[in-house]
Amino acid sequence: MTSRLLLLFTFFLFCLLPHVSSDIEENQSQVVKGGNRRLLPYVDCGGLCKVRCSSHSRPNVCTRACGTCCVRCKCVPPGTSGNREVCGKCYTDMTTHGNRTKCP
């Protein structure tokens, strides 16, 4: 009797395993942040900042600042300049120690 139950339990476990793993794979592109543990979308900061700073006079400085802003705000504006308001208040209001805008 117990061997039948064990066999039945094992069968159901293997039937449910693909469904559980597929749910985990679907959430691979999201990152868990913050105290309330909500899921945030993954943003490719390196690639987006490289495009954003491609025509900047100092691309390394621009890429470093853009990367910081991207990690904090989870957004990089489209294009090589301007459009900062697309990313919202987080991106537009971030300043340096000298009260200059930080995000390119």
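Two residues are taken to be in contact when heavy atoms of each lie within 4.5 Å. On that basis, and leaving aside neighbours within four places in sequence, Cys66 is in contact with Cys49, Arg52, Cys53, Val76, Tyr91 and Pro104 in this predicted model. The surroundings of Cys66 are taken up again below, after an account of the chain as a whole.

The protein contains 4 helices and 2 strands, which follow one another along the sequence in the pattern α-β-β-α-α-α. Of its 104 residues, 19% are buried. The exposed area of the protein is about 8,100 Å², of which carbon and sulfur atoms supply 59%. Among contacts between residues at least 6 apart in sequence, 37% join residues at least 24 apart.

Confidence varies along the chain. The mean pLDDT of the protein is 77, and 61% of the residues score at least 70. Over residues 20–30 the pLDDT is below 50, and this stretch has 5 contacts in the model beyond near neighbours in sequence. Among the elements, strand β1 (residues 30–33) has the lowest mean pLDDT, at 50, whereas helix α3 (residues 59–73) has the highest, at 93. Where pLDDT is low, the predicted coordinates should not be read in detail.

Helix α2 spans residues 45–52 and includes Cys49. Within α2, the residues Cys45, Cys49 and Arg52 are buried. Viewed down the axis of α2, the buried residues fall within an arc of 55°, and they therefore line one face of the helix. Gly46, Lys50 and Val51, on the other side of α2, are exposed. The packing partners of the buried residues of α2 are helix α3 and helix α4 (89–93).

Cys49 has a relative accessible area of 1% and, because burial is set at under 20%, is classed as buried. Not counting residues up to four places away in sequence, Cys49 touches Thr63, Cys66, Gly67, Cys70 and Val76. The C-alpha atoms of Cys49 and Cys75 lie 9.9 Å apart in space, with a separation of 26 residues in sequence.

The model contains 6 disulfides, counted as pairs of cysteine sulfur atoms within 2.5 Å. When the bonded cysteines are numbered in sequence order, the pairing reads 1-7, 2-5, 3-4, 6-12, 8-11, 9-10. Three of these links are described here in turn.

One disulfide is formed by Cys49 and Cys66, with sulfur atoms 2.2 Å apart. This pair links distant parts of the chain, with Cys49 in helix α2 and Cys66 in helix α3, 17 residues apart. The link of Cys49 and Cys66 is left-handed, with -80° about the S-S bond. Cys66 has a relative accessibility of 0% and counts as buried. The contacts of Cys66 include its disulfide partner Cys49, as well as Arg52 and Cys53. Another of these contacts, Val76, is 10 residues from Cys66 in sequence and 7.5 Å away in space, C-alpha to C-alpha. Val76 is also among the residues that Cys49 touches.

A further disulfide joins Cys53 to Cys62, with a sulfur-to-sulfur distance of 2.0 Å. The torsion about the S-S bond of Cys53 and Cys62 is about -70°, so this disulfide is left-handed. Cys53 and Cys62 are both buried.

Cys69 and Cys103 also form a disulfide, their sulfur atoms lying 2.0 Å apart. Distant parts of the chain are linked by this pair: Cys69 belongs to helix α3 and Cys103 to the segment after α4, at a separation of 34 residues. With a torsion of about -95° about the S-S bond, the disulfide of Cys69 and Cys103 is left-handed. Cys69 counts as buried at 0% relative accessibility, and Cys103 counts as buried at 3%.

In summary, helix α3 is joined by disulfides to helix α2 through Cys66 and Cys49 and to the segment after α4 through Cys69 and Cys103. Helix α3 is also the element with the highest mean pLDDT, and the buried residues of α2 pack against α3 as well as α4.

Technical notes. Residues numbered from 1 in each chain as written. Predicted model: local features only at pLDDT ≥ 70, side-chain atom pairs only at ≥ 80, totals over all residues. Heavy atoms only, no water. pLDDT = per-residue confidence, 0-100. Buried < 20%, exposed > 50% of the residue type's maximum accessible area, 1.4 Å probe, protein only. Areas by Shrake-Rupley, 256 points an atom, 1.4 Å probe, with all protein chains shown as cover. Arc of directions from axis to C-beta.
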